[in-house]
Amino acid sequence: MADIIGAMYILLDTARASDFVTDNSQMLNLADTFVSSLQNDLHALQNALSESDANALKSLLHTLKGYVTFLCNESLANQLIDIEAKAREMTAEQLQPMVNALLPALVNMHREVTDWREHLSKGS
């Protein structure tokens, strides 16, 4: 099922989920966790941007790198890994344009995973 659904997504790589889980209920649990975590982190990321909080931005980028990259396509994964690595030596002002450029992809990733979760829940 993940392979059929995967063709509809640009950022989400559902085939990667198969490396971590083996059945639909586990995939649904993974999708639920991912949607919730990404929603919370997107909100926190926007707050950190508005407050110019470099430490929070760095921490959130590190957190996002830790879990987003295992379900997204290689291009987004590499972009997130690169930004997180560069962030270690940057100020909030230097990070803001990079994070602002990344936000649309993360929002789209959240939308795609939410849609994937809906497809998975119909199959359970």
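Is Lys65 buried, exposed or partly exposed? Select Lys65 in the viewer: the residue is partly exposed, with a relative accessible area of 22%. This is a predicted model, and the tour below returns to Lys65 after a view of the whole chain.

**The whole chain**

Display the protein chain as a cartoon. The secondary structure comes to 6 helices and 0 strands, and along the sequence the pattern reads α-α-α-α-α-α. The radius of gyration is 15 Å, close to the 14 Å that the globule rule gives for 124 residues, so the chain is as compact as a globular protein of that length. Aligned on its principal axes, the set of C-alpha atoms fills a box of roughly 45 × 25 × 20 Å.

Switch next to a surface representation. The accessible surface comes to about 6,400 Å², and carbon and sulfur atoms account for 50% of that area. Of the 124 residues, 43% count as buried. If contacts are drawn between residues at least 6 apart in sequence, 75% of them join residues at least 24 apart.

**The nonpolar core**

In soluble globular proteins, nonpolar side chains tend to be buried together. For the case at hand, select Val68, Met109 and Trp116: within the largest nonpolar core, which has 43 residues, these three touch the most other members. The elements that give two or more residues to this core are α3 (24-50), α4 (54-68), α5 (74-87) and α6 (92-123). Colour α6 separately, since the largest share of the core, 12 residues, comes from that helix.

Centre the view on Val68. Which residues does Val68 touch, not counting residues up to four places away in sequence? They are Phe34, Leu38, Leu80, Leu106 and Met109. Met109 thus appears both as a contact of Val68 and as one of the core members that touch the most others.

**His110 in α6**

Move to His110, which is found in helix α6. His110 is buried, with a relative accessible area of 16%; the cut-off for this class is under 20%. Leaving aside neighbours within four places in sequence, His110 is in contact with Val35, Leu38, Gln39 and Leu42. Leu38 is worth keeping selected here, as Leu38 is also among the residues that Val68 touches.

**Salt bridges**

Side chains of opposite charge can pair when their charged atoms come close. A search of the whole structure finds 7 salt bridges, and several of them can be visited in turn.

Return to Lys65 and add Glu84 to the selection. The two form a salt bridge whose closest N and O atoms are 3.3 Å apart. Lys65 lies in helix α4 and Glu84 in helix α5, so the pair ties together parts that are 19 residues apart in sequence. The two ends differ in accessibility class: Lys65 is partly exposed, whereas Glu84 counts as buried at 5% relative accessibility.

Keep Glu84 selected and add Arg88. Glu84 also forms a salt bridge with Arg88, in which the closest N and O atoms are 2.9 Å apart. Elsewhere, select Asp32, Arg117 and Glu118, which are joined into one network by salt bridges that share partners.

Next, select Lys86 and Asp82, a pair within a single helix. Both residues lie in helix α5, 4 residues apart, about one turn of the helix. Their salt bridge has its closest N and O atoms 3.1 Å apart. Lys86 is partly exposed, with a relative accessible area of 43%, and Asp82 is likewise partly exposed, at 36%.

**From Lys86 to Ala54 and Ser52**

With Lys86 still selected, add Ala54 and draw the distance between their C-alpha atoms. The separation is 12 Å, for residues 32 apart along the chain. Ala54 is placed in helix α4 and is buried, with a relative accessible area of 18%. Which residues does Ala54 touch, not counting residues up to four places away in sequence? Thr91, Ala92 and Leu95 are the residues to display.

The last stop is Ser52, in the loop between α3 and α4. Inspect the backbone here: phi of Ser52 is near 50°, a positive value in a residue other than glycine. Ser52 is partly exposed, with a relative accessible area of 33%.

Terms used. Residues are numbered from 1 along each chain as its sequence is written. This is a predicted model: local features need pLDDT of at least 70, side-chain atom pairs count only at pLDDT 80 or more; totals for chains, interfaces and linings use all residues. Side-chain values use heavy atoms; hydrogens and water are left out. A nonpolar core is a set of buried Ala, Val, Leu, Ile, Met, Phe, Trp, Tyr and Cys residues joined through side-chain atoms within 4.5 Å. Buried means under 20% relative accessible area, exposed over 50%, partly exposed in between (1.4 Å probe, protein chains only). Contact means heavy atoms within 4.5 Å. A salt bridge is a side-chain nitrogen of Lys or Arg within 4 Å of a carboxyl oxygen of Asp or Glu. The radius of gyration is taken over C-alpha atoms; the globule rule is 2.2 Å times the number of residues to the power 0.38. Accessible areas come from the Shrake-Rupley method with a 1.4 Å probe; for residues, only the protein chains shown count as cover.
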